[in-house]
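Reader: I would like a close look at one part of this protein, with the reasoning set out step by step. Please take the charged pairs and the cysteines in turn, and place them within the chain as you go.

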Amino acid sequence: MRYLGNKTKLLNFIDFVMDKYNIEGEVFADLFAGTASVGDHMKNRFKVYSNDFMYYSYVFSKAKLMNSEPPLFTCFRKKYGVSPFEWLNKREYIPSESTFIYNNYTLKANRKFFTEKNALKIDGIRIDIEDFYQEKIISEAEYFFLLGSLLESVTKVSNTSGTYEAFFKFWESRASKDFIIEPLKMEKSLSVDSGNLSFNEDTNFLLRQISGDIAYIDTPYTTTQYASAYHLLETIARYDFPEIAGKTGRRQKNRKMSNYSRKQRAKDAFEDMFRQIQFDHVLISYSDQSIVPVEELIELASHFAVNGEVKIEEVPYREYKNLNYSHKGKGKSLHEVIIYFKKDRTIVKSPLNYSGSKDTLLLPIFKELPYHVNTFIDAMGGAFNVGANVTALDTVVYNELNPFVYEIIKMLMTSDKNKLVDKIEKIIKKNKLRNTEKREYLAFRDFYNFKEKSALNLFILHMYAFQNLIRFNRKFEFNTPVGNAGYNENLKQRIIHFCPKSPNLIMRQGSFEKINFNNYEKGTVFYFDPPYLVTTAEYNDGKRGFEGWNSDLEAKLLSFLCQLDKSGYYFMLSNVMEHQGKVNNLLKEWINSHKYNVIEIGETGSRYPRKEILVKNFE
């Protein structure tokens, strides 16, 4: 099939790259499927997820992933005595008001995409296929195979150079041939995995819903929009009688335009894709003459790769040339490359066990991030679980009001981890600290309170404290009783691996109200995780040495968020609207008044579960 970017000739090279880097798994995702040649090739080895936001591509995927080989059409043959291909090719059709292709894409409409005879045949077969399915003469798998066969056969009589952005003024020899529907070409396999799935979604949206082992990405390379280049295939596949206009009769409503074909949006779309993709292995087919230069794409991928390592494999590849849509110059050879990296999917939990930490809700929160995150400000950072795990391209800012918590995080961020672990283990050994050992714990607590109030000692003290609470009396003397936890190998590893995923870290101690947001570029993302007004936690009841969280502070925070919104900044707010019969009316009315977006992101708390929401001022 003549198709822009078809990867049939690259299948062996994709296999070579997968073998070279020992890429294995169970689930393979073909995320920009096109004619589904890659997913078709992989269906014998993997469970395949296939996606494309064009419906005609969805048809090809369903046809190839639901069938291990061309179907037998048993019910159809039983009724008619022949295959549907034989039956359809012998049919004669009569024009009517409902023969959409005949009425709109032939000389009857001053367009020369098809001869009138062929257009009428296409209309008739398309309607017959629908009837077969509605009458249950064919199964769903057979339906999509027939529909895919029709689409592939259509391209063999189209009076174009390959796409449908223009038609020839003359009748090309191909277009003058009589239309014949032939079986869709596909690879045979021993069987088809019942878990194969085909999607018709925007890939960046879909990636927030699925996960797996291997993701293959083949985005558009140029500014050509597939919605324009293949509008006729889309219309035949849907057969939805769309409103059309212009010389070529393009669809006018609900046209899906790809951000990957827009110079101003392509890089941000890639950034969001790399951030959201929950697959271990990422393979990207790309060109050295694409909208986003290869070097920039590799640098971008390195932010999301394990250890920042990105591999590139290059192979000469003959591009289908169409000067109507290609921005490449004559005689310039295209080099196809495959970019490969292992996605860093690790979530590093903070070693500071702190009430209200969002370590269990990080993925739902990160799904709501904007496409581009250059600077991320964790404005009420706490244990720093959120900010440390965000991949901002430039800077993450940790801000925390509590000076004791701030100093612990600062120590964890700035210390040599191996030396820090060595110090911790020596102090524990020296003071004979063990789980539930009250006498030794209280002695060390006194040592902290009256001799050496250091961040290191407080950090160690909290490991053995009841529920790891960092609690003080009004003299700021640590007063949490002993608990049943302590230092262990898991905590040691959390200390060693706790570092931000963003290139640069800025640390700030103080109130969120003192953050001068004008110092940051527009589009900076501010994240807030305040104490919840309708719940009671150890750090917001006003009895732990600090001012408790109240309605006045809640109002100040909501006012600050309004200022951010008006000034062109993004904000994300974690909160709880209702809990055990109590409603945060300030929050509820504020959201309704400003029409901010609210997303339910999950439940936290075991004894008294609460439904967490995320409020944000962007789509």
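Reader: To begin with the cysteines, does Cys75 count as buried, partly exposed or exposed, and what is its relative accessibility?

Author: Please keep in mind throughout that this is a predicted model. Cys75 counts as partly exposed, because its relative accessibility is 48% and the partly exposed class runs from 20% to 50%. Cys562, by contrast, is buried, with a relative accessible area of 11%. As for covalent links, a disulfide is a bond between the sulfur atoms of two cysteines, and the structure holds 0 of them.

The charged pairs offer a fuller picture. Side chains of opposite charge can pair when their charged atoms come close. The protein chain carries 86 positive and 77 negative side chains, with the centres of the two sets 2 Å apart, and a search of the whole structure finds 27 salt bridges. One of these joins the side chains of Asp280 and Arg345, with 3.0 Å from N to O. Asp280 belongs to strand β7 (residues 279–287) while Arg345 sits in the loop between β9 (335–342) and α15 (362–366), so this pair ties together parts that are 65 residues apart in sequence. Both partners fall in the intermediate class of accessibility: Asp280 is partly exposed at 29%, and Arg345 is partly exposed at 31%.

The loop that holds Arg345 also contains a salt bridge of its own, between Lys349 and Asp359, whose closest N and O atoms are 3.7 Å apart. Lys349 and Asp359 both lie in the loop between β9 and α15, so the pair ties together parts that are 10 residues apart in sequence. Here again the two side chains belong to partly exposed residues, Lys349 at 34% relative accessibility and Asp359 at 22%.

A further salt bridge, between the side chains of Glu368 and Lys616, has an N to O distance of 2.8 Å. This pair links distant parts of the chain, since Glu368 is found in the loop between α15 and β10 (375–378) and Lys616 in strand β18 (residues 610–616), 248 residues apart. Glu368 is buried, with a relative accessible area of 17%, and Lys616 is buried as well, with a relative accessible area of 4%; both values are under the 20% that sets the limit for a buried residue. Strand β18, with its residues 610–616, also bears on a network of salt bridges that links Lys358, Asp529, Arg610 and Glu612.

Beyond the charged pairs, Thr391 gives a view of a loop position, for its place is between α16 (385–389) and β11 (395–400). At 10% relative accessibility Thr391 counts as buried. If its neighbours within four places in sequence are left aside, Thr391 is in contact with Arg275, His303, Phe304, Val373, Lys501 and Ser502.

These details sit within a protein chain of 619 residues, of which 56% count as buried, and which has 23 helices and 18 strands. Among contacts between residues at least 6 apart in sequence, 73% join residues at least 24 apart. The C-alpha trace spans about 95 × 55 × 55 Å along its principal axes, and the chain exposes about 28,200 Å², with carbon and sulfur atoms supplying 47% of that area.

Notes: Residues are numbered from 1 along each chain as its sequence is written. This is a predicted model: local features need pLDDT of at least 70, side-chain atom pairs count only at pLDDT 80 or more; totals for chains, interfaces and linings use all residues. Side-chain values use heavy atoms; hydrogens and water are left out. Helices (H or I, at least four residues) and strands (E, at least two) are DSSP runs, numbered from the N terminus. Buried means under 20% relative accessible area, exposed over 50%, partly exposed in between (1.4 Å probe, protein chains only). Contact means heavy atoms within 4.5 Å. Accessible areas come from the Shrake-Rupley method with a 1.4 Å probe; for residues, only the protein chains shown count as cover. Lys and Arg count as positive and Asp and Glu as negative; His and the chain ends are not counted. The place of a charge is taken as NZ of Lys, CZ of Arg, CG of Asp or CD of Glu. A salt bridge is a side-chain nitrogen of Lys or Arg within 4 Å of a carboxyl oxygen of Asp or Glu. A disulfide is a pair of cysteine sulfur atoms within 2.5 Å.
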